[in-house]
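Me: Please take a close look at one strand in this model. I would like to know how it sits among its neighbours.

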Amino acid sequence: MATLREMAQRPERFAGGHRLCAGCGHSVVVRMMLRATPDPVVVSAATGCLEVASVLYPYSSWETSFIHAGFENAAATLSGVEAAYQTLKRQGRINRDQKFIAFAGDGGTYDIGLQSLSGAMERGHHLLYVCLNNEGYMNTGIQRSSATPRGTETSTTPVGKVVPGKPQSRKDITEIMAAHNIPYVAQASPSHWRDLEAKTAKALKIKGPTFINTLSPCPRGWRTDVSDTIELTRLAVETCYWPLYEVEDGQYRLNHRPKEQKPFHQWLERQGRFRHLFKPKNEHILEELQGEVDRRWEALLKRCGE
């Protein structure tokens, strides 16, 4: 793994001047991940906050080759580029090592891009797919996605007298990707930057398809202060809501075990989207959410042999 000094000396591949909101986790994560390799990179980004804010014509924040893909086909687009590269390399027309990274939000990953993603993983393309998970369709009005936690207030799951936010639990896309039996799957957080950098570097060195799901807060959609982004991702890890682990060739490995698991409500109460859950009539939902976190955490510990 590269040292902090070595990473700092690498060229900036995601330049300033983009239009991402203050406190957005996307720019932090993308800058970290692009510093994880010295090799040239081709980036495919699905329609979403990252794409809209970074390539407003005629400007671009990308100091890499960049392709804007549709909302649903970032993986398919990059699959074609990677296949063309492999063909040209076999013909001797390209002799350099080239990395391929697809960035998409949870909407373009968990939902409308799942078919494209699954196909790319099954075909075995040599690329890294990154889910920038802000737990909702933030770019189009803060609608719920299947990554949105139960109880969240969004524009399509409004809080009222009958329904206290989103009624369904979130999908576990990391486990779905692990079920594809691909070489490498990981879950990461910008709060643990060394872990994120190490997982990115490892994923890019592995031959075959790899996947990283990283939490990426949205102050607008989460209704949080812009200065709380990294602290919120750290708290998500310490409550065991967002555990850091990896699955390499089918073997599970836990990368961080909190010294003391913090109560899940400490993460929820920092976000306005969960404010209604702290009313007396919704106390049972808080208890059920804590139970869900605990069950998922215990199941992961067993898979990791902890």
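Reply: What follows is an account of strand β5, its partners and the core. The model is predicted: local features need pLDDT of at least 70, side-chain atom pairs count only at pLDDT 80 or more, and totals for chains, interfaces and linings use all residues. Residues are numbered from 1 along each chain as its sequence is written, and side-chain values use heavy atoms, with hydrogens and water left out.

Strand β5 covers residues 184-188; strands (E, at least two residues) and helices (H or I, at least four) are DSSP runs numbered from the N terminus. Five of its five residues are buried, so β5 is largely enclosed by the rest of the structure. Buried means under 20% relative accessible area, exposed over 50% and partly exposed in between, with a 1.4 Å probe and protein chains only. Y184, A186 and A188 point one way from β5, while V185 and Q187 point the other way.

Two strands pair if DSSP finds at least two bridges between them. β5 runs parallel to β6 (residues 210-215), joined by five bridges, and A188 stands opposite T214 there. Between β5 and β6 the chain passes through helix α8 (residues 193-205) in a right-handed β-α-β crossover; right-handed means that, with the strands pointing away from the viewer, the path from the first strand over the helix to the second runs clockwise. With β7 (residues 245-248), β5 pairs in the antiparallel sense over four bridges, and V185 has V247 as its bridge partner.

F211 touches Y184, V185 and A186, among others; contact means heavy atoms within 4.5 Å.

How values were computed:
Lists of a residue's contacts leave out its neighbours within four places in sequence.
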